[in-house]
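Me: Please take a close look at one part of this protein with me, going slowly, because I am in my first year. I would like to follow the charged pairs and the strands that carry them, and then the surroundings.

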Amino acid sequence: MSSRNVVLVSAGYDGVIRFWDISGGHTKRTLKYEDNPELKVKMPINSLAFSPDGSYLAASSIKSFKIYEVDSDRQSPKYSNPEAHKATVNKIGFNSDGKWVYTASDDKQCKIWDIRTSACTMSAESRGTINGCVLHPNQRDIIMADESGFIRVWDIVANRFRVEMCPDDKTPIHSLCISPNGETLVACSKKGIAYVWMYSDASIQPRTMIRAHDSYILSCCVSPNNQILATASADRSIKLWNTSTFENIAKLIGHEKYVWDCCFSCDTKNLVSCSSDHTCRLWDIKSGRIVRHYTGHEKVVSCVALYERF
């Protein structure tokens with residue numbers, strides 16, 4: 001991956017968003033997430049997401065979210081909402097045309113925001129703290145997973161929940177992802193189990209269950225080619241799974257503490273991860289080796305995002 005074509009960012013509990021030189025490993029730019037600069041309080045950042053065209057970067061924290069211009073030198077965000085929720089905002093993401101974002105929070109609310117006006121246009125309530133939230137590629141379903149163990153599918157066209165599942169007797173679900181082709185839904189639990197469903201407009205059917213890790217699974221994602229599932233865990237490892245057989249094909253070892261997040265490169269040759277050990281790492285999928293370390297954060301690194309320009 002070329003540094004000119006790839007934008008790699010990370011953020012965490014130090015309240016700093018870092019833009020990395022992906023080849024050199026050094027920080028190119030930083031943004032401080034501050035709701036009130038006069039208070040000098042470091043705001044923990046929980047989630048990052050690029051707009052579909054890569055021009056904006058969204059970040060979320062306690063009650064708030066901000067949207068920054070990627071190619072600008074400005075420290076201040078283009079859009080900001082300091083009181084979006086009543087509690088920590090755990091997830092944020094864009095729709096396919098970049099006109100709105102969705103947020104999910106500890107206050108049990110999932111909301112949709114028009115980024116031009118910062119107005120909330122829709123909202124729905126889950127049964128518990130929302131830990132995982134993703135917009136399906138069909139742009140109609142928002143899927144949320146919560147601390148009470150429920151997964152709910154919110155049909156934003158009909159404005160109703162069309163599916164509700166509780167795979168393991170109210171065991172908290174910590175992470176959630178959907179494959180790029182929209183056919184595979186994965187939810188991961190506090191017990192280290194990954195639940196997999198076949199997803200279609202007509203139905204959502206159980207496919208398999210993987211006892212993936214011995215501790216919490218904190219993040220999961222499916223590769224752009226739909227062939228690999230990655231699970232990142234509090235056991236300090238990342239495991240890769242074949243999405244045809246769901247057999248374990250690799251275990252990536254190197255982080256010294258919890259692995260909080262991970263994401264694939266567009267060609268599925270690399271994976272980026274971040275950890276409580278204050279670092280991010282770039283992995284070669286084929287060999288399982290660490291290609292590069294990224295150091296500079298002063299606290300837990302809780303989220304990473306990668307955008308490739310063509």
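How many salt bridges does the count come to?

Reply: The count comes to 11 salt bridges, where a salt bridge is a side-chain nitrogen of Lys or Arg within 4 Å of a carboxyl oxygen of Asp or Glu. Please keep in mind that this is a predicted model, in which local features need pLDDT of at least 70 and side-chain atom pairs count only at pLDDT 80 or more, while totals for chains, interfaces and linings use all residues. Residues are numbered from 1 along each chain as its sequence is written, and side-chain values use heavy atoms, with hydrogens and water left out.

Let us begin with the sheet. Four strands form an open sheet in the order β12-β13-β14-β15, with antiparallel pairing; strands here are DSSP runs of E with at least two residues, helices are runs of H or I with at least four, and both are numbered from the N terminus. Two strands are said to pair if DSSP finds at least two bridges between them. The edge strands are β12 (130-135) and β15, each of which pairs on one side only. From one strand to the next the twist averages 20°, an angle on a scale from 0 to 180 degrees between the N-to-C directions of axes that are lines fitted to C-alpha atoms, for helices over the stretch in contact. Strand β14 (residues 151-155) runs antiparallel to β15, and five bridges join the two; in this pairing Asp155 stands opposite Arg160 in β15.

Now to the charged side chains of this sheet, beginning with Glu164. Side chains of opposite charge can pair when their charged atoms come close. Glu164 meets the side chain of Arg152 in a salt bridge, 2.8 Å from N to O. Because Arg152 lies in strand β14 and Glu164 in strand β15, this pair ties together parts that are 12 residues apart in sequence. Glu164 also forms a salt bridge with Arg127, the closest N and O atoms being 2.7 Å apart. That second pair links distant parts of the chain, since Arg127 is in the loop between β11 and β12 and Glu164 is in strand β15, 37 residues apart.

How covered are these three residues? Arg152 counts as buried because its relative accessible area is 13%, buried meaning under 20%, exposed over 50%, and partly exposed in between (1.4 Å probe, protein chains only). Arg127, at 43% relative accessibility, counts as partly exposed, and so does Glu164, at 35%. Asp155, which we met in β14, belongs to a network of salt bridges that links it with Arg140, Asp141, Arg162 and Asp201.

Elsewhere in the chain, Glu69 and Arg74 join their side chains in a salt bridge of 3.3 Å, N to O. Glu69 is partly exposed, with a relative accessible area of 24%, and Arg74 is likewise partly exposed, at 40%.

The sheet region can also be looked at through its nonpolar residues. In soluble globular proteins, nonpolar side chains tend to be buried together. Here the largest nonpolar core has 30 residues, and those with the most contacts inside it are Ile142 and Ile143; such a core is a set of buried Ala, Val, Leu, Ile, Met, Phe, Trp, Tyr and Cys residues joined through side-chain atoms within 4.5 Å. A second, separate core of 18 residues includes Met43, Ile45, Tyr68 and Val70. Contact means heavy atoms within 4.5 Å, and, leaving aside neighbours within four places in sequence, Ile143 has contacts that include Cys133, Val134, Ile151 and Arg152. Arg152 is therefore a residue to look at twice, being in contact with Ile143 and also in a salt bridge with Glu164.

Finally, consider the loop that follows β15. Lys170 lies between β15 (160-165) and β16 (173-178), and it counts as exposed because its relative accessibility is 55%. Beyond its neighbours within four places in sequence, Lys170 is in contact with Glu147, Ser148, Gly149 and Phe150. The C-alpha atoms of Lys170 and Met144, 26 residues apart along the chain, are separated by 14 Å.
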